[in-house]
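Please work through the following exercises with the sequence and the structure in view. Attempt each task before reading its solution.

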Amino acid sequence: MSEAVSASRGVPGFWSPRIGALEPYVPGEQPRIAKLVKLNTNENPYPPSPRVIDAVQAAAANGLERYPDPESVTLREAIAARYGLASAQVFAGNGSDEVLAHAFFAFFQQAEPLLMPDISYSFYRVYAQLYGIDCELQPVDQGLRIDADALAARAAAGCAGIVLANPNAPTGIGMPLACIEKLLDACPRRVVLVDEAYVDFGGESAMPLIARYPNLLVVQTLSKSRSLAGLRVGFACGHAHLIEGLQRVKNSFNSYPLDRLATAGAIAAFEDEAWFIKTRDAVIDTREGLTLQLEDLGFEVLPSQANFVFVRHAAHDAARLAASLRERAVLVRHFNQPRIAQYLRISIGTRDQCAALVDALGDILGAAQ
Ligand code: PMP
């Protein structure tokens, strides 16, 4: 029996039939290399607010023998207050990946296909496969922009819903709210999920549309703009009916997705708006500087509203560049996928980390001449 065939049947025979056919998401590597310049997983290069550390320590000192609040009420209240919503319009989960997974299960198992751009966060297709949801990929245009009119026209003909990231990943390109509204209007009876993992770095959030659109679900994370990738906190905002749908899935899966430390740290992060603004602005400022430096080195840099840039070089192969950078202890992300195989996704680091990247690229491009 060939390996592929035996894998799909589940070697050594214990797997449920669907497991062998899954193509799981491959996260960016987290290697232990000394003095690594790590620009491959869109983490924030700055630490979280000191108030977060204090809150986590206080939570650790008190009550770990007890289960946390299964409904994360205080955290949901803090998020609701931040966005001018009611807590019944907020769902919290163990990272936005988990929130997305629950949303796919809750809303997108329909007779028609789920629509998403062909270039987008690759986990969407994995969730769809996991839950047996049929996907239809809408091609982004030559500039890797989502064509909102084409997507809306297709959605109007019938779909299970729409999922997209805004700003998009891995391009970093943002979509104006007017386009999001077009999509919401095109399928009023299905959920439009807008994943705003990177919105704080310059995108336009759809939160203000929630009051008018019962079919809008906005998903955000504390992993990026609030420097808490290690704590695993994400959330969704939308009409209370949608939140109830997510709660039904959560309570059929894991009643306590957020532990006491994560809840306390996340609340503290929302209490320190000054830290949020300072670190976010530093990332945006560094992104603008790095963009100019990369352009000087001959890269085409897509306009980014995120904490990363998506770049390509007319004269240098992206996979080889990524490998050469790795030899110099600089990690960036390369996706060996159709349409984007010549691009590199570079997370915005500290100014020093970005300077090290530019130096390494200067060396590599210079040596190749
Ligand atoms: N959405 C997008 C577009 C992302 O890039 C990521 C991070 N890989 C996530 C969601 C998930 O983030 P987290 O689970 O850390 O909240």
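Three exercises follow, each with a worked solution, and they concern a predicted model.

**Exercise 1.** Determine how helix α7 is oriented relative to helix α8, and state which residues meet.

*Solution.* Two packed helices are described by the angle between their axes and the distance between the axes. Helix α7 covers residues 148-156 and helix α8 covers residues 177-186. Their axes are 8 Å apart, and the packing angle is about 10°. Angles under 35 degrees count as roughly parallel, so α7 is roughly parallel to α8. From α7, the residues Ala148, Asp149, Leu151, Ala152, Ala155 and Ala156 take part; from α8, they meet Cys179, Lys182, Leu183 and Ala186. Sorted by class, this contact has eight nonpolar and two charged residues, and no polar ones.

**Exercise 2.** Decide whether Thr263 is buried or exposed, and identify its contacts beyond four places in sequence.

*Solution.* First, locate the residue: Thr263 belongs to helix α10, residues 260-271. Next, consider its relative accessibility, which is 12%. Buried means under 20%, and therefore Thr263 counts as buried. Finally, with neighbours within four places in sequence left aside, Thr263 is in contact with Thr74, Leu75 and Leu258.

**Exercise 3.** Which residues come nearest to the ligand, and which polar atoms lie at short range from its oxygen atoms?

*Solution.* Around the ligand there are 13 residues, of which Ser96, Asp195, Tyr198, Thr221 and Ser223 come nearest. For Thr221, a polar side-chain atom lies 2.6 Å from an oxygen atom of the ligand. For Ser223, an N or O atom in the side chain is 2.6 Å from a ligand oxygen atom. For Asp97, a polar backbone atom is 3.0 Å from an oxygen atom of the ligand.

Technical notes
Residues are numbered from 1 along each chain as its sequence is written. This is a predicted model: local features need pLDDT of at least 70, side-chain atom pairs count only at pLDDT 80 or more; totals for chains, interfaces and linings use all residues. Side-chain values use heavy atoms; hydrogens and water are left out. Axes are lines fitted to C-alpha atoms, for helices over the stretch in contact, and angles run from 0 to 180 degrees between N-to-C directions. Helices (H or I, at least four residues) and strands (E, at least two) are DSSP runs, numbered from the N terminus. Angles under 35 degrees count as roughly parallel, over 145 as roughly antiparallel, 65 to 115 as roughly perpendicular and the rest as oblique. Contact means heavy atoms within 4.5 Å. Ala, Val, Leu, Ile, Met, Phe, Trp, Tyr, Cys and Pro count as nonpolar, Asp, Glu, Lys and Arg as charged, and the others, Gly among them, as polar. Buried means under 20% relative accessible area, exposed over 50%, partly exposed in between (1.4 Å probe, protein chains only). A residue is near a molecule or strand if one of its heavy atoms lies within 4 Å of it. A polar contact is a pair of N or O atoms within 3.5 Å; within protein, one must be able to donate a hydrogen and the other to accept it, and residues adjacent in sequence count only if both atoms are side-chain atoms.
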